[in-house]
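Hi,

Here is the structure I said I'd pass on to you. Have a look at it first, then read my notes below.

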Amino acid sequence: MLPIPAPTALPTPKPSFSCYTGTSLYSVRLFDSGGDGWQGATWTIYDPSMTYPLLSGTLAAGASARVFQCVIDGCGWLVVGGGSADSEISYAFDSATGDSFMVRTAPSSNYFCLENGTIGSVPSVEPTVSP
């Protein structure tokens with residue numbers, strides 16, 4: 001396992017994460033209108049074939065959280081849902097360069113591509129529903 005770079009001593013306008021060569025910084029913002037976490041729901045990023053989970057997480061408690069990850073270029077699926085109160089869930093996927101998409105419904109699955117810190121193939125306003 002590679003060491004995690006330390007944050008800067010003073011506040012910065014962007015997170016002070018340092019990504020390794022070949023990766024770029026992205027985040028998933030998690031929201032729950034009930035304020036009680038996602039109640040079993042998860043977010044998972046899969047490979048383009050939706051076969052292999054690459055990253056995942058949940059909002060264990062509270063109304064919101066933000067998760068930062070260094071991710072390689074490529075395409076994949078962001079799948080959200082599977083909890084007992086999916087109707088309370090919304091989420092956003094952001095790049096450090098300012099690209100973003102927000103989804104206000106779950107369950108959902110959205111195809112996207114990442115390249116040099118940007119988000120492409122952003123989902124439509126009405127995401128597809130997970131099978």
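Below is what I found in it, starting with the disulfides and moving on to a sheet and a pocket.

One thing to keep in mind from the start: this is a predicted model.

**The disulfides**

How many disulfides does the structure hold? There are 2. If you count the bonded cysteines along the chain, the pattern is 1-2, 3-4.

Start with C19 and C70, which form a disulfide with their sulfur atoms 2.1 Å apart. C19 sits in the segment before strand 1 (23-32), while C70 belongs to strand 4 (residues 64-72), so this bond ties together parts that are 51 residues apart in sequence. Is it left-handed or right-handed? The torsion about the S-S bond of C19 and C70 is about -80°, so the disulfide is left-handed. As for how covered the two cysteines are, C19 has 26% relative accessibility and counts as partly exposed. C70 is partly exposed too, with a relative accessible area of 33%.

Now go to the other bond, which joins C75 to C113 with an S to S distance of 2.0 Å. This pair also links distant parts of the chain: C75 is in strand 5 (residues 74-81) and C113 is in strand 8 (residues 108-115), 38 residues apart. Here the torsion about the S-S bond of C75 and C113 is about 100°, so this disulfide is right-handed. Are its cysteines buried or partly exposed? C75 counts as partly exposed at 29% relative accessibility. C113, at 16% relative accessibility, counts as buried, because buried means under 20%.

**The sheet**

Strand 5 and strand 8 come up again in an open sheet of 5 strands, where the order is 3-2-5-8-9 and the pairing is antiparallel. Which strands are at the edges? They are strand 3 and strand 9 (118-120), and each pairs on one side only. On average, neighbouring strands of this sheet are turned by 30° against each other, ignoring direction.

Try following strand 2 in the viewer. Strand 2 and strand 3 pair in the antiparallel sense over 4 bridges, and strand 2 is joined to strand 5 by 5 bridges, again antiparallel. Y46 is a handy residue for seeing both pairings. Its bridge partner in strand 3 is P53, and its bridge partner in strand 5 is W77.

Strand 2 and strand 3 also form a hairpin, with 6 residues between them. Look for M50 in that turn: M50 has a positive phi of about 60°. Strand 3 itself is hardly covered, as the count of buried residues among its 5 residues is 0.

**A pocket**

How do you find a pocket at all? Rolling a probe the size of a water molecule over the atoms shows where empty space is left.

The one I'd like you to look at is the second largest pocket, with a volume of about 170 Å³. The lining has 13 residues, and the closest to the pocket's centre are I45, L54, V71, I72 and C75. You have met C75 already, as the cysteine joined to C113. Which elements give two or more residues to this lining? They are strand 2 (42-46), strand 3 (53-57), strand 4, strand 5 and strand 8. The lining residues divide into 10 nonpolar, 2 polar and 1 charged.

Have fun clicking around, and send me your questions.

Cheers

Methods:
Residues are numbered from 1 along each chain as its sequence is written. This is a predicted model: local features need pLDDT of at least 70, side-chain atom pairs count only at pLDDT 80 or more; totals for chains, interfaces and linings use all residues. Side-chain values use heavy atoms; hydrogens and water are left out. A disulfide is a pair of cysteine sulfur atoms within 2.5 Å. Buried means under 20% relative accessible area, exposed over 50%, partly exposed in between (1.4 Å probe, protein chains only). On a 1 Å grid over the protein atoms alone, a cavity is a set of points where a 1.4 Å probe fits but cannot get out, and a pocket is an open set with protein on both sides within 12 Å along at least five of seven lines; lining residues have an atom within 4 Å of a point. Grid points are joined across faces, edges and corners, and a volume is the space filled by probe spheres set on the points. Ala, Val, Leu, Ile, Met, Phe, Trp, Tyr, Cys and Pro count as nonpolar, Asp, Glu, Lys and Arg as charged, and the others, Gly among them, as polar. Two strands pair if DSSP finds at least two bridges between them. Axes are lines fitted to C-alpha atoms, for helices over the stretch in contact, and angles run from 0 to 180 degrees between N-to-C directions.
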